[in-house]
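Colleague: Please show me the model, and let us go through the labels one at a time. I would like each label set against its cut-off.

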Amino acid sequence: MIRSLYLRIGLGLVAFLAVFLLVQGFAIVWLISRMDVAPGPPPPDVARLVARELSEALSTNPKTDIEQFLRQQYEQRLPIVVVMRDGRAASSDGRTLSSDVLTELRARMESAPEAFLRMGRGRGFGPGPFPDRGPRERGQGPVPGFGGMGRRGGGPPGPIVVNGQLVGVVTPNPRSTFDQLAPTLLVVGLLLAGLGTTSAALLIFGPVRRRLRSLEDAARKVGAGDLTARAREDGNDEVATLAHAFNRMTADLAAREAQLQSADRTRRLLLADVSHELMTPLTAMRGYLETLSMRGLVLDSETRDRYLSIINDETHRVERIVQDLLDLARMESAGDSLDVQDVPLEDLFGRVVARHGRDAEARGILLR
């Protein structure tokens, strides 16, 4: 199994091209074998043979329908065109010559009919009053002024002679190999292209289609907030590598989400604890201040000093709490390092005794 998706695509395209060319070659060979005649221009004597048969038909019946005669006798096996001196033109396959060629043929039939007759008599086809005059005039060489006709039509024209008079000529009008094979090859090529591209797509992308869809579904779930979604990682190609990277990214996002939630819970607990810690000294300060501000209450100097000392201690306590919050904020922003110091427990418990000692003694509780 090829692990790389890119390599599978490249090899698939090469294989598709090779199969495409091979089938096209077989199609060309099959089409040529099924054709009645080989592609290309007909043999040089075809025009003379057709001209002789048409001369005999017109000699028997001058009103012979030339186009019907050609289609009945030759159908589309011989691509030939008949050009008559009276202006008529017919073909065996429905194609005719260009207007320039027709005009040139008619002009030469009018100006030099003897040359056409000599071309026909060179092989013994068609009656005429002219004796043989050598190999050039027997059709074994080009007749002056008619060399271009053979090159244009695929062969020399054959004269149609009725009662010793030139009444028209038969000239080949061959279709090129491309014209004969192109339509069928175009259809075969389109079918091959459609089937080949479909097969190549199924063979190349079929194995990864389900994994790509799994990756798409996982991405959609993650986008909706489900960080537990995972894509399939089976396979060893680039899609599997992409799925592995996606799953690792999703796991990292889930871990960060858990850390954020934990930090948020810790922050909420810290806020509640700080609120409680602040309310304790503030409540004590408010109570002692209200007591000191009472006009009808007479306190001795020792008690008054003790109350003021407690208020002062609680003020410093609030200040320390606020300072701890500022230090915590700086540590979260990596602005400061933690300063670890010893806490004097005697002072802490001494404040508790000074604050609640008398109340405890009044209730019979001994604080030490």
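The exchange below takes some of the labels given to this chain and traces each to a value.

Colleague: What kind of model is this, and what does the secondary structure come to?

Modeller: The model is predicted. The chain has 11 helices and 4 strands. Of its 368 residues, 30% are buried. About 23900 Å² of the chain is exposed, with carbon and sulfur atoms supplying 58% of that area. Among contacts with a separation of 6 or more, 59% join residues 24 or more positions apart.

Colleague: How do you know that the span of helix α9 agrees with its number of residues?

Modeller: Helix α9 covers residues 238–292, which is 55 residues. At 1.5 Å a residue the expected span is 81 Å, and the end C-alpha atoms lie 80 Å apart, so the two agree. The buried residues of α9 include V239, A240, A243, F246 and N247, as well as Y288 and L292.

Colleague: Why is α9 called roughly antiparallel to α10?

Modeller: The axes of α9 and α10, the latter being residues 301–332, cross at roughly 160° and come within 9 Å. An angle over 145 degrees counts as roughly antiparallel, so α9 and α10 get that label. The crossing itself is left-handed.

Colleague: What makes α10 oblique to α11?

Modeller: Their axes are 10 Å apart and the packing angle is about 135°. Roughly perpendicular stops at 115 degrees and roughly antiparallel starts over 145, so α10 is oblique to α11. On the α10 side the contact involves E302, T303, R306, I310, D313, E314, R317 and R320, and on the α11 side R351, A354, R355 and R358. This crossing is also left-handed.

Colleague: Why is A354 called partly exposed?

Modeller: The relative accessibility of A354 is 36%. Buried would need a value under 20% and exposed a value over 50%, so A354 counts as partly exposed. A354 belongs to helix α11, residues 345–362.

Colleague: Which residues does A354 contact, leaving aside its neighbours within four places in sequence?

Modeller: They are R306 and I310. The C-alpha atoms of A354 and Y307 are 9.3 Å apart, although the two residues are separated by 47 residues along the chain.

Colleague: How do you know that the span of helix α2 agrees as well?

Modeller: Helix α2, residues 46–60, has 15 residues. The expected span is 21 Å and the end C-alpha atoms are 21 Å apart, so there is agreement. Buried residues in α2 include V46, A47, R48, V50, A51 and L54.

Colleague: Why is α2 called oblique to α3?

Modeller: The axes of α2 and α3, residues 66–74, cross at roughly 125° and come within 12 Å. That angle lies above the 115 degrees that closes the roughly perpendicular range and does not reach 145, so α2 is oblique to α3. The crossing is right-handed. In the contact, V50, E53, L54 and A57 of α2 meet I66, F69, L70 and Y74 of α3.

Colleague: What is the phi of N163, and where is its place?

Modeller: Phi is near 55° at N163, a positive value in a residue other than glycine. N163 sits in the loop between β3 (158–162) and β4 (165–172).

Colleague: Is N163 buried or exposed?

Modeller: The relative accessible area of N163 is 71%. Exposed means over 50%, so N163 is exposed.

How values were computed: Residues numbered from 1 in each chain as written. Predicted model: local features only at pLDDT ≥ 70, side-chain atom pairs only at ≥ 80, totals over all residues. Heavy atoms only, no water. Helix = DSSP H or I, 4+ residues; strand = E, 2+ residues; numbered from the N terminus. Buried < 20%, exposed > 50% of the residue type's maximum accessible area, 1.4 Å probe, protein only. Contact = heavy atoms within 4.5 Å. Areas by Shrake-Rupley, 256 points an atom, 1.4 Å probe, with all protein chains shown as cover. Expected span 1.5 Å × (residues − 1). Axes fitted to C-alpha atoms, helices over the stretch in contact; angles between N-to-C directions. Parallel < 35°, antiparallel > 145°, perpendicular 65-115°, else oblique. Left-handed = near helix turned anticlockwise from the far one by under 90°.
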